[in-house]
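Here are a few exercises to work through with the model open beside you. Try each task before you read its solution.

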Amino acid sequence: MTLSKQSATRGRPTPSKAFGLGVINAFVTRLGTIGIGIALARLLGPAEFGTYAVAFVALIAVLSFNELGVSLAIVRWPGDPKAIAATVTTISTGCSVILFAATYFAAPYFASAMGNPAATDVVRVMAACIVLNGLVATPAALLQRYFRQGQRMAVDQVNVWLGAGVSLALVIAGMGAMSLAVGRVAASVVSGILFVAFSPLPFRFGFSAKSAKELLLFGLPLAGASLVAFGVGYVDQFVAGNMLGSVTLGLYVMAFNMAGWPAALLSQPLRSVAPATFARLQDRPEDMRAALLSLLGVLSAVLLPVCAVMMGCSVALVTFVYGDAWAPAGLALVWLAPLAALRIIHELLYDYLVVLGLSMSIFNVQAAALVALIPALIGGAAWGGMPGLAAAPFAVAVAVTTPMYLRTLRRAGVRTKDMAGRLALPVGAAVVTGAGSFLAAQELRSPLVAVLAGSGIGLVAIVATLALKHAELRDVRRWGKGREEAMA
């Protein structure tokens with residue numbers, strides 16, 4: 001490499017550096033949200049939190065397809081993204097305005113269907129985030145494409161701490177569930193300004209009919225898949241609110257959020273880097289498959305034992321963190337913790353298939369899962385209440401979603417045997433960890449001591465598994481280094 005080329009590339013963000021910053025960002029963000037969430041849950045209680053949960057489900061439903069999937073095209077666009085950036089901004093903003101209006105007028109009907117008509121105003125305030133999300137879809141995707149995780153970290157930290165601070169102040173002032181909505185909107189406004197300020201390309205509107213056609217051909221199947229994926233991920237909360245009431249919804253959402261703690265720590269940095277890394281390997285299929293398998297093995301070595309601890313110590317963990325009033329949420333956490341582990345693995349497979357351009361196959365997987373999930377949830381809630389409701393999506397993920405992903409991957413050249421080989425050791429470690437944590441929770445009366453004992457078992461399992469997977473860790477470093485050299 002010449003001196004001039006070295007100078008030109010010095011300081012350029014790389015995949016491994018971006019992933020490292022992503023891990024730090026996710027860790028700090030998660031600690032902040034967990035800490036503030038604990039304080040808010042103890043101040044609000046299950047009933048008020050259930051009101052906010054109604055609005056949050058509505059917001060996530062709309063955001064799942066808010067910009068019609070076109071922003072992800074920026075991440076995998078083979079040429080200069082400048083050619084499509086303005087068109088993406090126009091499409092995403094226009095769509096978000098329409099969806100905001102629809103959400104505003106549908107709010108009272110949705111809140112009533114969820115068993116809490118009082119949530120109408122909270123839903124309407126939260127709907128402002130839809131427009132803000134559409135406005136900054138392009139800058140956010142550009143930061144991901146160029147591995148600008150340092151700047152993304154700054155945006156995320158402002159979003160978390162400002163939103164949490166405003167919400168906490170308003171809760172103390174007596175605003176109840178509305179305080180969480182106002183805090184979320186305030187944080188979205190400020191983080192949106194930062195997204196625009198940090199954007200690698202100027203923020204502007206424009207429209208190219210040719211680009212729009214290509215973007216929609218790529219994005220619409222993905223948006224459909226995202227909407228169906230939302231259904232798979234959140235229809236259980238619709239059923240909880242409609243069949244079991246908003247208080248049970250609050251308990252269920254709290255368990256759902258807690259199950260997502262380890263997933264969020266690993267998923268956010270992984271999904272900020274993996275699609276772009278896979279995209280850079282499209283012309284080297286063997287390396288692309290090797291990267292997927294290495295990531296799968298190392299990821300599962302950490303993720304599965306952590307979720308096993310949460311499953312084994314579920315009631316003790318909820319009681320220790322949130323107090324006795326929230327203890328019933330532990331009955332749902334038993335099922336939601338392993339479900340969270342499966343979903344983060346599915347997200348990695350999803351990103352791999354997206355880069356391969358198999359968006360229609362992804363849609364088919366999610367649609368089949370949703371068709372199976374709806375009757376399973378209704379039957380689970382009617383038969384077993386909240387625990388039965390939580391068990392249903394786990395059963396569908398094991399029996400429907402996973403086999404369909406594996407079949408699609410086989411068609412793409414990824415053998416199930418190779419994936420099973422990478423997962424065998426982490427699964428075994430998770431089984432032992434879960435059993436040990438359960439026994440500790442049964443024998444130890446103190447929730448704190450039980451959680452500490454289970455965490456100790458999980459930590460030993462993670463260290464031992466990673467030590468035995470040193471070859472896969474070396475592979476991750478190898479392909480990461482190779483991508484950095486290719487970028488240079």
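Helices here are DSSP runs of H or I with at least four residues, strands are runs of E with at least two, and both are numbered from the N terminus. Keep in mind that this is a predicted model.

**Exercise 1. Get the overall picture: how many helices and strands does the protein chain have?**

Step 1: Count the elements, and you get 18 helices and zero strands.
Step 2: Look at burial. The protein chain has 488 residues, and 53% of them count as buried.
Step 3: Check the contacts. Taking pairs at least 6 apart in sequence, 86% of the contacts join residues at least 24 apart.

**Exercise 2. Work out how α12 and α14 are oriented to each other.**

Step 1: Find the two helices, α12 at residues 285–312 and α14 at residues 329–355.
Step 2: Take the geometry. Their axes sit 9 Å apart and the packing angle is about 170°.
Step 3: Apply the cut-off: an angle over 145 degrees counts as roughly antiparallel. The two helices, α12 and α14, are therefore roughly antiparallel.
Step 4: See who meets whom. On the α12 side, the residues include Leu292, Leu299, Leu303 and Cys307, while α14 brings residues including Ala337, Ala341, Ile345 and Leu348.
Step 5: Sort the contact residues by type, which gives 21 nonpolar, no polar and one charged.

**Exercise 3. Zoom in on Cys307: is it buried or exposed?**

Step 1: Place Cys307 in helix α12.
Step 2: Use the cut-off, under 20% relative accessible area for buried. Cys307 comes in at 3%, so it is buried.
Step 3: List its partners, skipping neighbours within four places in sequence: Cys307 touches Pro262, Ala337 and Ala341.
Step 4: Compare sequence with space for one of them. Pro262 is 45 residues from Cys307 in sequence, yet their C-alpha atoms are 7.2 Å apart.

**Exercise 4. Where is the kink in α16?**

Step 1: Start with the span. Helix α16 (residues 416–443) has 28 residues and covers 39 Å from first C-alpha to last, close to the expected 40 Å.
Step 2: Find the bend, a kink of about 40° at Leu423, shortly before the proline Pro426.
Step 3: Note the buried residues of α16, among them Arg422, Pro426, Ala429 and Thr433.

**Exercise 5. How many residues of α7 are buried?**

Step 1: Go through residues 137–145, and nine of nine turn out to be buried.
Step 2: Notice that the buried set includes Gln144 and Arg145.
Step 3: Move past the helix to Phe147, which follows α7 and has a positive phi near 55°.

Methods:
Residues numbered from 1 in each chain as written. Predicted model: local features only at pLDDT ≥ 70, side-chain atom pairs only at ≥ 80, totals over all residues. Heavy atoms only, no water. Axes fitted to C-alpha atoms, helices over the stretch in contact; angles between N-to-C directions. Parallel < 35°, antiparallel > 145°, perpendicular 65-115°, else oblique. Contact = heavy atoms within 4.5 Å. Nonpolar A, V, L, I, M, F, W, Y, C, P; charged D, E, K, R; others polar. Expected span 1.5 Å × (residues − 1). Bend = angle between axes of the 7 residues up to and from the residue. Buried < 20%, exposed > 50% of the residue type's maximum accessible area, 1.4 Å probe, protein only.
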